[in-house]
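Biologist: Could you take a close look at one helix for me and walk me through how it sits among its neighbours?

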Amino acid sequence: MADYGKIDKMYNQSDIKIEQVIEHVRSNRETLENYISNGIDIGYNITLVHLTGENAFKRPVWFTSDNTESTTSTYNAQKYKDKILSLFKKKPGYYGYGILLGEQPGGFYLVCIDIDIDNECKDKALSRFEELFKGSIHYHLEITKSNRYHIYVALDKIPENLKKITKLRFDGDCVKYVNGKQVKGEIELLGVNGKHTITVYNGIINNEKPVFNDRLVVNNADLFLQKLIEFQGGLDPDVIDDLAKFYKLVRDHRFINGWNIDKVVSAFCVRNQ
């Protein structure tokens, strides 16, 4: 087999070749098996993820007859632990791992802030989260294969208001590149509004320990929600919803012209920052 080089660091991970990843997973099979086994025992809803073929790094294994994502509502890694470990051992290098976000078998909730941005805006957003979370919110930071950021947070519950925040607003010219084309970057909150599968990169493309190596400190969800509101400038999700409804009502019935309503909404936003 050709020598593709070892993976040493977690920087410039977008340059890592799939052959390097496969060799890394094969060479570190026992360590990765232990991560998976311990993570399931701790209470994380871990699944395997295909490293090759269609939708590599994104296609999970559900261990059901039809192997479809429709089973996410009932999937429990503790039930399939033996099958997960057996398949991982049987075909070393074929699989990485991921987590089904949302409620975990361990009795807590796991969510992920996905900073899906490629320019310097991603570092500004990360710095803002670090500033807001310091001393109050425990989290696990991961750099993805695309050199973007995943921030994992364990919560004691998912409040109704938190379910409304699936995307986070952030000031700045945030962009990402999809197939060489520049598009608008996004910051998503995954796992709050239903279960969501996410690939875990640490350990697979580098030598860092994955998020499920230890049980995260479980945070107060109401405090986490407040920090997200602060990140977005202080507007509560309910206020935003009411404002959107008001805007639509005025526009639809033409109580005042579009220019004036835009000025009213802009003034409201500035005043409530």
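Modeller: Sure, and keep in mind that this is a predicted model. Let's start where two helices touch: Ala125, Arg128, Phe129, Leu132 and Phe133 in H4 meet Phe224, Lys227, Leu228, Glu230 and Phe231 in H6. The axes of H4 and H6 are 10 Å apart and make an angle of about 135°. With the oblique class ending at 145 degrees, H4 and H6 are therefore oblique to each other. As for handedness, H4 passes H6 in a right-handed crossing.

Now for H4 itself. Helix H4 covers residues 121-133, which is 13 residues, and it reaches 18 Å from first C-alpha to last, close to the 18 Å expected at 1.5 Å a residue. Its buried residues are Cys121, Lys122, Ala125, Leu126, Phe129, Leu132 and Phe133. Look down the axis of H4 and those buried residues fall within an arc of 135°, so they line one face of the helix. Flip to the other side of H4 and you find Lys124 and Glu131 exposed.

What does the buried set pack against? Helix H6 (221-231) is one partner, and the buried residues of H4 also pack against four strands: S4 (109-116), S5 (140-143), S6 (149-155) and S9 (186-190). Ala125, Phe129, Leu132 and Phe133 are buried in H4, and these residues are also among those that meet H6.

One last thing to check in your viewer is the backbone just after H4, where Gly135 takes a positive phi of about 75°.

Key. Residues are numbered from 1 along each chain as its sequence is written. This is a predicted model: local features need pLDDT of at least 70, side-chain atom pairs count only at pLDDT 80 or more; totals for chains, interfaces and linings use all residues. Side-chain values use heavy atoms; hydrogens and water are left out. The expected span of a helix is 1.5 Å times one less than its number of residues. Buried means under 20% relative accessible area, exposed over 50%, partly exposed in between (1.4 Å probe, protein chains only). The arc is that of the directions from the helix axis to the C-beta atoms. Contact means heavy atoms within 4.5 Å. Axes are lines fitted to C-alpha atoms, for helices over the stretch in contact, and angles run from 0 to 180 degrees between N-to-C directions. Angles under 35 degrees count as roughly parallel, over 145 as roughly antiparallel, 65 to 115 as roughly perpendicular and the rest as oblique. A crossing is left-handed if the near helix is turned anticlockwise from the far one by less than a right angle, and right-handed if clockwise.
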